[in-house]
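Please open the model in your viewer and keep the selection panel at hand. The stops below go from one element to the next.

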Amino acid sequence: MPRFNIEDLTRENIKKLEPYSSARDEFSGKASVFLDANENSLGSPLIKWYNRYPDPHQAALKAAISQIKKIDARNIFLGNGSDECIDVLYRSFCRPGIDNIIICPPTYGMYEVSAHINDIEVREAPLLDDFQLNLAHLENLIDTNTKVIWICSPNNPTGNAINREDIEMTLNNFNGLVVVDEAYINFSRQKSFIRDLSDYPNLVVLQTFSKAWGLAGLRLGMAFADKSIIDIINKVKPPYNINQATQELALKAVEEVGQVNDMIKEIVSMREAMAEVLGRIPIIQKVYPSDANFLLVKTDQANKVYDYLVSREIVVRNRSGVMLCEDCLRITIGTEKENTILVDALADYMDTL
């Protein structure tokens, strides 16, 4: 493996950066009177008060996540959704106008959008027809200014897990960061790469509370990596990036792992049932195997089907304009009632042909 050195990867201005020191950073110990942060000491116009700034380090929540993930809290970064984790990695390690990153389309769109916002060149190594990595193409795109390779597994929008051996090959032969986005890992048979962090100093694993945990409205993403990487992105993040309500509610949610596991099992079961039902509908050419909480479905005249479903107040994601996903719809697994409404609507659509 080429020698990975976090010092070589980090932007010079970030190495020299003195992070913002919040009022809460400058105090430790016990206190009953807080007159240090210019908050409203009289309270909030709510039943529960949120007049105090939240813990900038999210210590209690990270400790709870640490127990669940069986990883040291110092290897955890929390972001305002995974999108903040993506952005902070760019701002920490990629020089605008100089460096480049590699994505493997079709994949999650924010890797590219956030790169453009940060003026980072985006190079593309499209997946193969079976939605797996094209390692030869990927290797050919790498140069001395390539800082990050993004791998989404299970992948959005295709739903499949990327071959573990191919990800390991990439980690072993690339001298920059390999970010494995595991937003949908809870619905997959593939095991997480979190257990492999000690083997790969250049590995960053992203996960989220938006999918299996059912907390999309709170916006809470997680990045797991070597402490040296976490220390740098903690310097760059805004001081209070995770609000108090999110920290409290997520802390409450992580006490209910059993309930989350039950929901995962139910969603996976409905996913398999929906795949079978959709596969019997004549206009549907293919239901792709899925390791996520959605199905990618190739259908006749996808745009027309999409418009019909919208007319029935059913919204799915039209992926027809996405590379390798022509005439494809991405369908989230809903409740049993929602799934039935969708199937009935598709049957009604068939009657119009």
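Select Arg317 first: its bridge partner in β11 is Arg330, strands here being DSSP runs (E) of at least two residues and helices DSSP runs (H or I) of at least four, both numbered from the N terminus. This is a predicted model, in which local features need pLDDT of at least 70 and side-chain atom pairs count only at pLDDT 80 or more, while totals for chains, interfaces and linings use all residues. Residues are numbered from 1 along each chain as its sequence is written, and side-chain values use heavy atoms, with hydrogens and water left out.

Now widen the selection to β10 and β11 (residues 328-332), which run antiparallel and are joined by two bridges; two strands pair if DSSP finds at least two bridges between them. They belong to an open sheet of four strands, ordered β8-β9-β11-β10 with antiparallel pairing, whose edge strands, β8 (284-287) and β10 (317-318), each pair on one side only. Add helix α11 (residues 302-311), which lies across β9 (294-299), β10 and β11 and runs at about 35° to β11; the angle, on a scale from 0 to 180 degrees, is taken between N-to-C directions of axes fitted to C-alpha atoms, for helices over the stretch in contact, where contact means heavy atoms within 4.5 Å.

Move next to the other sheet listed here, an open one with mixed pairing in the order β1-β7-β6-β5-β4-β2-β3. Its edge strands are β1 (76-79) and β3 (121-124), each pairing on one side only. Select Phe77, which stands opposite Ala223 in β7.
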